[in-house]
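Trainee: Please take a close look at one part of this structure, and then place it in the rest of the chain.

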Amino acid sequence: MHTHMASSKEEAQVGVIETTKGIEVDNAWEFLDNHRNASLKDPIDLTKLRRKIDWRIVPLMFAAYTIQFLDKIILNYAGVMTIRQDLNLQGNDFTNISTFTFVGQALFEIPNIYFLQRVPAAKWLGFNILAWAIATGSAAASKDYQTLLVSRVFLGIFEATVAPSLMLISSQWYTKSEQAPRISFWLLGLGMGQIFGGLVSFGFQHFTPEQSPLAGWRVMFLTLGVLTLVIGVAVLVFLPDTPMKAKWLSDNEKVALLKHVSVNQTGIENHRFRAGEVVEALGDPQIWLLLVSILLLSGTGGIVTTYSSTVIRNLGYSPKEATLLNMPSGAVNIVFTLLTGYGIRKQSNRWAFIIACIIPGMIGGGLMSFLPVSNKAGILTGIYLVNSVVAPLAIFYSWTVANVAGATKRAFAVAAISFIFCIGNLISPQTFQARDAPEYRPAKITVLATQAGCAVTTFTLFLYYVWQNKKRENTSESETEEAFMSPDVWKRMTDRENLRFRYSY
């Protein structure tokens with residue numbers, strides 16, 4: 001008797017619920033089982049409910065992703081200020097600082113798999129935002145290459161959880177078709193970071209020694225550190241761990257929402273770590289195709305996050321002009337991200353939208369690679385067009401949380417996606433070698449080649465999903481909302497174990 005009670009207590013602590021049938025189910029089913037009568041009350045308008053959730057959840061996710069990208073990309077803008085001279089950065093020092101930011105981020109994705117499974121994503125996200133706020137602000141105190149490098153490595157470590165946490169949070173609140181525009185919206189933080197970062201840098205470039213005892217780039221890092229701190233507190237306080245714990249939703253609204261998202265068949269919350277799901281993920285072709293696609297897609301990372309301002313400046317523009325001329329990159333990013341997010345909501349066909357965004361990126365890579373330096377307008381157009389390939393990142397994110405089921409497998413998948421994105425961004429700046437300045441032609445050709453490769457792997461992934469769905473057509477019917485009270489709907493299974501699961505493409 002005592003042993004049974006201890007076991008039950010342990011299971012409750014890790015967020016595992018066992019039904020009377022002995023089936024391990026998601027915590028959402030326990031809430032539904034305890035609120036069976038709520039579904040019999042007045043019907044809920046899903047459109048109004050979705051709008052209510054959007055206003056509470058999406059702005060916080062957008063703020064978190066924007067400040068993450070802004071804190072990272074601000075090094076790009078500091079590069080055209082006085083940071084190189086003040087810290088005596090030589091040769092590839094600046095490139096290495098950017099690279100090792102992603103080294104820290106990539107390495108921490110490994111333990112991040114465990115924390116994403118065991119700790120509520122919202123709380124884990126908020127804690128890490130506070131931590132990287134300190135890392136951002138401390139960069140202002142850098143005295144040389146080594147001290148700046150350390151602060152940026154810690155920045156990468158604490159930013160490791162941002163995209164994985166936001167992907168998991170998005171999957172808790174929305175159906176597969178609804179996830180794409182919401183993920184696209186918080187991913188607008190990339191474009192907004194480019195635009196806002198340009199304005200911030202332009203403003204701080206006007207600081208003179210007479211106006212401030214600190215260099216403009218130092219004040220810039222301090223200011224962003226404080227802003228990041230505020231956003232971290234907001235996420236901790238206002239972002240619920242799960243829909244079941246949202247104080248601003250009634251029980252009736254919570255039941256209606258859980259019924260609505262039950263068709264995902266990916267669950268809401270389950271904290272038991274299953275090593276077998278990691279093994280399954282490692283042998284899953286879709287995971288590998290996603291990883292290769294994102295690795296290739298991130299071949300533009302050197303241009304987007306680190307060197308765009310430098311490339312523009314090398315066309316003969318002043319630092320202030322280079323900063324302002326880089327801002328349209330953010331606008332291109334925003335336009336393509338919005339179009340793909342809402343296009344998928346209406347038409348699906350994720351694979352087609354990815355390729356449609358890659359084509360302008362390839363054109364941009366070609367313009368940068370093969371136009372003479374004297375053709376400033378053409379090269380600027382190329383730099384702007386390359387930013388169209390940021391939009392597919394939102395699609396790959398939504399693809400991952402839509403098509404990977406099983407709590408541990410999904411935590412592994414989102415962390416692996418973020419890890420490989422870091423690897424791509426780690427490699428990409430290294431294509432910008434000091435010996436290739438000022439044209440950096442090998443780096444520009446790399447952008448063209450990697451995007452072409454990404455188009456091929458994306459189409460292969462589409463064919464794989466079509467094949468998998470056809471294999472399951474004669475095995476069982478797909479799930480509907482009407483079965484949301486059945487424990488089987490919330491049974492913990494991976495996408496490969498659940499024959500009712502259908503892949504979105």
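Mentor: Start with Thr-340, which is in contact (heavy atoms within 4.5 Å) with Ser-184, Phe-353, Cys-357, Ala-391 and Ile-395, leaving aside its neighbours within four places in sequence. This is a predicted model, in which local features need pLDDT of at least 70, side-chain atom pairs count only at pLDDT 80 or more, and totals for chains, interfaces and linings use all residues. Residues are numbered from 1 along each chain as its sequence is written, and side-chain values use heavy atoms, with hydrogens and water left out.

Thr-340 sits in helix α17, residues 327–347. Helices (H or I, at least four residues) and strands (E, at least two) are DSSP runs, numbered from the N terminus. Thr-340 counts as buried because its relative accessibility is 2%. Buried here means under 20% relative accessible area, exposed over 50%, and partly exposed in between, with a 1.4 Å probe and protein chains only. Cys-357, one of the residues that Thr-340 contacts, is buried as well, at 3% relative accessibility.

Now the helix itself. At 1.5 Å a residue, the 21 residues of α17 should span 30 Å, and its end C-alpha atoms are 30 Å apart, which agrees. The expected span is 1.5 Å times one less than the number of residues. The buried residues of α17 are Met-327, Ser-329, Gly-330, Val-332, Asn-333, Ile-334, Thr-337, Thr-340, Gly-341, Gly-343 and Ile-344. An α-helix has 3.6 residues a turn, so residues three or four places apart point the same way. The partners of this buried set are α9 (176–187), α10 (189–204), α16 (319–325), α18 (350–370), α19 (376–386) and α20 (391–403). Just after α17, Ser-348 takes a positive phi of about 60°.

Helix α9, one of those partners, also takes part in charge pairing. Side chains of opposite charge can pair when their charged atoms come close. A salt bridge is counted when a side-chain nitrogen of Lys or Arg is within 4 Å of a carboxyl oxygen of Asp or Glu, and by this rule the count comes to 10. Glu-178 pairs with Arg-50, with the closest N and O atoms 2.6 Å apart. Because Glu-178 lies in α9 and Arg-50 in α3 (residues 46–78), this pair ties together parts that are 128 residues apart in sequence. Glu-178 is buried, at 2% relative accessibility, and Arg-50 is buried at 18%. Between these helices there is also the salt bridge of Asp-54 with Arg-182, whose closest N and O atoms are 2.9 Å apart. Asp-54 is in α3 and Arg-182 in α9, so this pair too ties together parts 128 residues apart in sequence. Both Asp-54 and Arg-182 are buried.

A further salt bridge joins Arg-274 and Glu-497, with 3.7 Å between the closest N and O atoms. Arg-274 lies in the loop between α12 (251–261) and α13 (275–282), and Glu-497 in the segment after α22, so the pair ties together parts that are 223 residues apart in sequence. Arg-274 is partly exposed at 25% relative accessibility, and Glu-497 is partly exposed at 38%. Glu-280, Asp-284, Lys-409 and Asp-495 are linked in a network of salt bridges.

Asn-498 is in the segment after α22 (441–472) and is buried at 8% relative accessibility. Not counting neighbours within four places in sequence, Asn-498 contacts Gln-265, Arg-472 and Met-493. From Asn-498 to Gly-406 there are 92 residues in sequence but 9.7 Å in space, C-alpha to C-alpha.

Gly-299 offers a loop example: this residue lies between α14 (285–297) and α15 (301–313) and is buried at 10% relative accessibility. Beyond residues up to four places away in sequence, Gly-299 touches Ser-428, Val-447, Thr-450 and Gln-451. Gly-299 and Ala-443 are 144 residues apart in sequence and 9.1 Å apart in space, C-alpha to C-alpha.

For the setting of all this, the protein chain has 22 helices and 2 strands. Of its 505 residues, 59% count as buried. Among contacts between residues at least 6 apart in sequence, 85% join residues at least 24 apart. The structure holds 0 disulfides, a disulfide being a pair of cysteine sulfur atoms within 2.5 Å.
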